[in-house]
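Biologist: I would like to learn how to read a protein–DNA surface and a chain–chain interface. Could you walk me through one example?

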2 protein chains.
Amino acid sequence: MDIKDLDTQSFMPGLSVDNVIFGFHDNQLKVLLLACKDGKHWMLPGGYILKNESVDAAAERVLFDRTGLQKVYLQQFNVFGDPKRSSASLVKGLVKSMELDETLNHWFLQRFVTIGYYALVEYEKVKPKPDPLSLSCDWFEIDQIPRLIFDHATIIESALTAMRQHLNFQPIGLNLLPSSFPLKSLQSIYETILGKKLDRPNFNRKILSLGILDKKEKHFTGAAHKAPFLYSFRKKEYYKLLKDGIS
Amino acid sequence: MDIKDLDTQSFMPGLSVDNVIFGFHDNQLKVLLLACKDGKHWMLPGGYILKNESVDAAAERVLFDRTGLQKVYLQQFNVFGDPKRSSASLVKGLVKSMELDETLNHWFLQRFVTIGYYALVEYEKVKPKPDPLSLSCDWFEIDQIPRLIFDHATIIESALTAMRQHLNFQPIGLNLLPSSFPLKSLQSIYETILGKKLDRPNFNRKILSLGILDKKEKHFTGAAHKAPFLYSFRKKEYYKLLKDGIS
DNA sequence: TCAAAAGTGTTAGCCATACACCCATGC
DNA sequence: GCATGGGTGTATGGCTAACACTTTTGA
């Protein structure tokens with residue numbers, strides 16, 4: 001996004017995308033957020049839609065700009081279309097803190113309908129890049145989200161709910177994990193998303209019975225217990241199952 | 001929608017809603033469509049979003065204008081944001097056939113991102129009303145859809161898929177049926193949406209076990225077989241289950 | 001008495017759950 | 001050895017699919 005183009009013919013007016021980008025690290029589900037220049041608020045990575053760009057492509061572009069990643073699991077989940085979802089006074093403060101030309105108020109103060117996407121990315125591969133309008137770009141644990149602008153807290157909640165529902169039909173995980181990983185990591189992801197503990201023996205059996213994992217070598221962590229086996233996804237079977245859905 | 005307001009400050013530019021309105025009649029799932037004035041195409045009931053109106057409210061308004069119904073099951077399911085989803089030549093033909101001021105081409109020829117909703121309505125209660133830009137408003141069986149404009153066929157397909165997924169978690173049916181109905185009607189709805197035959201004994205047991213139906217009197221159709229009992233929804237329990245989801 | 005469709009009963013098999021138990025590892 | 005967490009085995013209950021059977025209705 002080039003700031004000078006904002007108030008011109010480049011973007012569709014009144015429409016935006018916001019991405020809830022999930023990563024997994026330290027057995028914790030995390031969300032990528034941007035720090036507003038007012039020093040008080042954080043926000044979801046979002047952007048506008050080029051006049052000749054598909055909405056999906058806009059979401060992919062925003063994701064790429066913030067993470068450097070392409071071709072990851074990116075799923076549209078809801079539209080947030082309340083005319084009062086943004087606050088004029090907050091917007092004015094933000095524009096001021098960004099030291100932008102005040103003519104851009106016209107752009108930022110308009111009402112936006114935003115299309116929510118959630119993305120699943122491999123935490124280690126992400127090099128978070130703040131956009132020109134933000135101070136920084138950082139990961140936050142899902143239960144330690146800071147103060148967000150507008151309805152962005154609602155959007156994250158809604159993304160989690162949507163993901164929870166998709167989880168029952170789609171083997172989510174490949175995009176959140178490195179190429180090989182212990183089953184416990186996958187289980188932790190499921191536990192975090194579903195918000196409840198799962199029985200390890202039963203989880204292992206169920207996941208393995210899907211036929212989408214390859215057993216690889218043992219992984220010695222140095223801890224005083226049995227070394228877990230690592231697994232990797234069989235991508236072909238994984239995508240086939242993604243398409244059809246589980247159970 | 002007032003035509004003369006189209007190209008003014010009344011509506012959000014580039015954004016629309018389209019409703020896939022489902023009804024149930026003659027043991028068939030039907031969709032409400034509008035006839036374009038070119039005499040060749042049909043389209044989904046859709047509309048624009050007032051500058052100070054929520055997107056959900058716009059969808060409800062469109063639904064009310066075409067059916068006279070309010071407070072029915074109306075569910076946002078997908079955004080269609082391909083910049084090439086409409087065809088300029090088709091739009092020009094349609095505007096011409098509508099005998100509108102050609103300055104309105106500016107409005108109709110812009111790129112629209114549309115937000116898809118599906119609605120479940122009680123067929124008998126609907127008095128289809130065409131909008132000022134259409135010739136008529138009629139029901140079509142789901143497997144006999146006529147030629148549609150733009151990507152509207154895709155939108156219907158997508159609505160069916162979404163509904164199929166929701167069906168497993170939500171007791172859909174109340175909004176499609178009159179206040180009392182035989183179990184067979186409900187079963188037919190499920191069969192149509194899921195696209196497969198269901199076993200009657202098992203279906204009856206499952207639905208009745210949810211505790212959302214009240215048994216009422218027998219209904220003599222005049223046919224040479226046992227008269228089926230009618231049932232009605234216990235709304236309170238129904239909505240509780242809707243909220244929590246089935247199984 | 002018969003055909004058609006409603007409704008009931010019964011069984012087998014699958015799958016989720018729960019939990020007991022064994023195994024490898026480093027201190 | 002022992003604590004720790006990985007991994008395996010197994011019994012139980014509930015749900016579902018499949019289908020045989022009974023009941024009611026009008027011709």
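Modeller: Gladly! This is a predicted model. Let's begin with the DNA: 22 residues surround DNA strand D, and Arg200(A), Ala224(A), His225(A), Phe229(A) and Lys226(B) come nearest. Of the atoms of DNA strand D that come within 4 Å of the protein, sugar and phosphate make up 51%.

Biologist: Which side chains have an N or O atom 2.3 Å or 3.0 Å from a base nitrogen of DNA strand D?

Modeller: For Arg200(A), the distance from a side-chain N or O atom to a base nitrogen is 2.3 Å. For Asn202(B) it is 3.0 Å. Lys218(B) has a side-chain N or O atom 3.0 Å from a phosphate oxygen of the strand. The elements giving two or more residues to this surface are α6 (200-209) of chain A and α6 (200-209) of chain B, and α6(B) gives the most, with 4 residues.

Biologist: And how do I read the size of the interface between chain B and chain A?

Modeller: Interface size is often given as the accessible area lost when the parts come together. Here chain B and chain A bury about 1,500 Å² between them, with 62% of that on carbon and sulfur atoms.

Biologist: How many salt bridges and polar contacts are there between chain B and chain A?

Modeller: The salt-bridge count is 0, while 10 residue pairs are in polar contact across the interface. On the side of chain B that touches chain A, β1 (11-25), β4 (46-50), β5 (73-80) and β6 (113-120) each supply at least two residues. β1(B) gives the most, with 4 residues. That side has 11 nonpolar, 6 polar and 4 charged residues.

Key: Residues are numbered from 1 along each chain as its sequence is written. Chains are lettered from A and ligands numbered from 1 in the order in which they are written. This is a predicted model: local features need pLDDT of at least 70, side-chain atom pairs count only at pLDDT 80 or more; totals for chains, interfaces and linings use all residues. Side-chain values use heavy atoms; hydrogens and water are left out. A residue is near a molecule or strand if one of its heavy atoms lies within 4 Å of it. A polar contact is a pair of N or O atoms within 3.5 Å; within protein, one must be able to donate a hydrogen and the other to accept it, and residues adjacent in sequence count only if both atoms are side-chain atoms. Buried area is the accessible area (1.4 Å probe) that two parts lose on being put together, summed over both. A salt bridge is a side-chain nitrogen of Lys or Arg within 4 Å of a carboxyl oxygen of Asp or Glu. Ala, Val, Leu, Ile, Met, Phe, Trp, Tyr, Cys and Pro count as nonpolar, Asp, Glu, Lys and Arg as charged, and the others, Gly among them, as polar.
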